[in-house]
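Have the model open in your viewer, with the sequence panel beside it. We will go from stop to stop, selecting a few residues each time and looking at what is there.

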Amino acid sequence: MTMPNLNLQAMKIFVAVFDLRSVNLAARALRLSQSGLSTTLAKLRRDLGDALFVSTASGMQPTPRAKEVVGPMREAIQCIEQRILRKAGFEPATDEREFRIALSDTAESIYMPRALTAVTRVAPRVRLRSVATPLPQLQRALSEGSIDFALGYFPDLESGDFVRRKIGQHGFVCICSSANREVIRDFSLKKYCAARHVVFEAPTRTQGLLESYLLKRGIDRDVALTTPHFMSLPEIIAGTDLIATVPDAIADAFAEIKRLARLELPFRSPVFETHLHWSQSVQNDPANKWLRSLLFQAFMVKGPR
């Protein structure tokens, strides 16, 4: 069976004749010759096996078959023109799309306030969604477009399928209760090892980086509590004699909590970089380019986009 060749031009001719009830008026509206339009309409009639229009004293009247297909043809024209042929663009002031960003709750507390402030200022209808995606699924989600960006420390995303740009560099510090004078005074490696610790355990690589670093240097800790809940750390630390080793940006986020003290590690801290990651497939996508440029500005990062 030969399939009809329903191209965009033929469908636009059909809709114009349907709306105007005239071959002559349809040709003028589409800036076509009447003979050219008639030739295309004749082919469309053969392809669909129906007269489609009947000439009457009151104009070209559509057949039942024409009335049946005009709706789908309008939808097809709209889809082709707006979703396929339309030049990709992005208007921040009016766009209402949602961007999905994979980050941990720690990265969210550090970066999301600045990201939201920057986006809301110029794109009030754009929405951000923070998603917690397990690391094994993150590469696929970025590649398939179900996630737009990954923001933070993701060393697994270093393949050629992804682009990344540095947004920060961090080390680790200790936090403890400001009332814990015994620990604060002359904080040393001996005191660090003797203290009881809270370990913040989250599905990110930063904690693994710290644990590996301590293990290689034979630095042992007395762990009193392991928790996945970042937001509970300030109250736990402030209300006990426990200490915690956290990324310096986390300590900065807790800086306004007066009952906490920040201590530099009594040994050289491991260092890690945070990056904004995105798929090579959206490298030239206008919306993706716009948001990452805005985020780089918000995070005060210079360099190529």
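Start with the charged side chains: there are 15 salt bridges here, counting a side-chain nitrogen of Lys or Arg within 4 Å of a carboxyl oxygen of Asp or Glu. Before you click on, note that this is a predicted model, in which local features need pLDDT of at least 70 and side-chain atom pairs count only at pLDDT 80 or more, while totals for chains, interfaces and linings use all residues. Residues are numbered from 1 along each chain as its sequence is written, and side-chain values use heavy atoms, with hydrogens and water left out.

**Stop one: charged pairs**

Select E96 and R125, whose side chains form a salt bridge at 3.8 Å, N to O. E96 sits in the loop between helix 4 (64-84) and strand 3 (98-102), and R125 in the loop between helix 5 (105-122) and strand 4 (127-131), so this pair ties together parts that are 29 residues apart in sequence. Helices (H or I, at least four residues) and strands (E, at least two) are DSSP runs, numbered from the N terminus. Are these two side chains buried or exposed? E96 is partly exposed, at 47% relative accessible area, and R125 is partly exposed too, at 49%. For these words, buried means under 20% relative accessible area, exposed over 50% and partly exposed in between, with a 1.4 Å probe and protein chains only.

Now move to E98 and R127, which also meet in a salt bridge (3.8 Å, N to O). E98 belongs to strand 3 and R127 to strand 4, so the pair links parts that are 29 residues apart in sequence. E98 is partly exposed at 27%, and R127 is partly exposed at 42%. Add R129 to your selection: E98, R127 and R129 are linked in a network of salt bridges.

One further pair to select is R262 and E264, bridged at 3.6 Å, N to O. R262 is partly exposed at 39%, whereas E264 is exposed at 53%.

**Stop two: a sheet**

Next, show the strands in the order 9-8-10-7-11: these five form an open sheet with mixed pairing. Strand 9 (222-227) and strand 11 (260-264) stand at the edges with a single partner strand each, so one side of each has no neighbour in the sheet. Two strands pair if DSSP finds at least two bridges between them. Within the sheet, strand 8 (residues 196-200) and strand 10 (residues 243-247) run parallel and are joined by two bridges. Which residue of strand 10 stands opposite V198? Select A244 to see it.

**Stop three: two helices**

Select helix 1 (residues 8-20). Its 13 residues should span 18 Å at 1.5 Å a residue, and the end C-alpha atoms are indeed 18 Å apart; the expected span is 1.5 Å times one less than the number of residues. Colour its buried residues: A10, M11, I13, F14, V15, A16, V17 and F18. They pack against helix 2 (23-30), helix 3 (34-48), strand 1 (53-56), strand 2 (59-62) and helix 4, where contact means heavy atoms within 4.5 Å. After the helix comes R21, with a positive phi near 60°.

Finish at helix 12 (residues 286-298), where the 13 residues should again span 18 Å and the end C-alpha atoms are 18 Å apart. Its buried residues include W290, L291, L294, L295 and F296. Following helix 12 is M300, whose phi is positive, near 60°.
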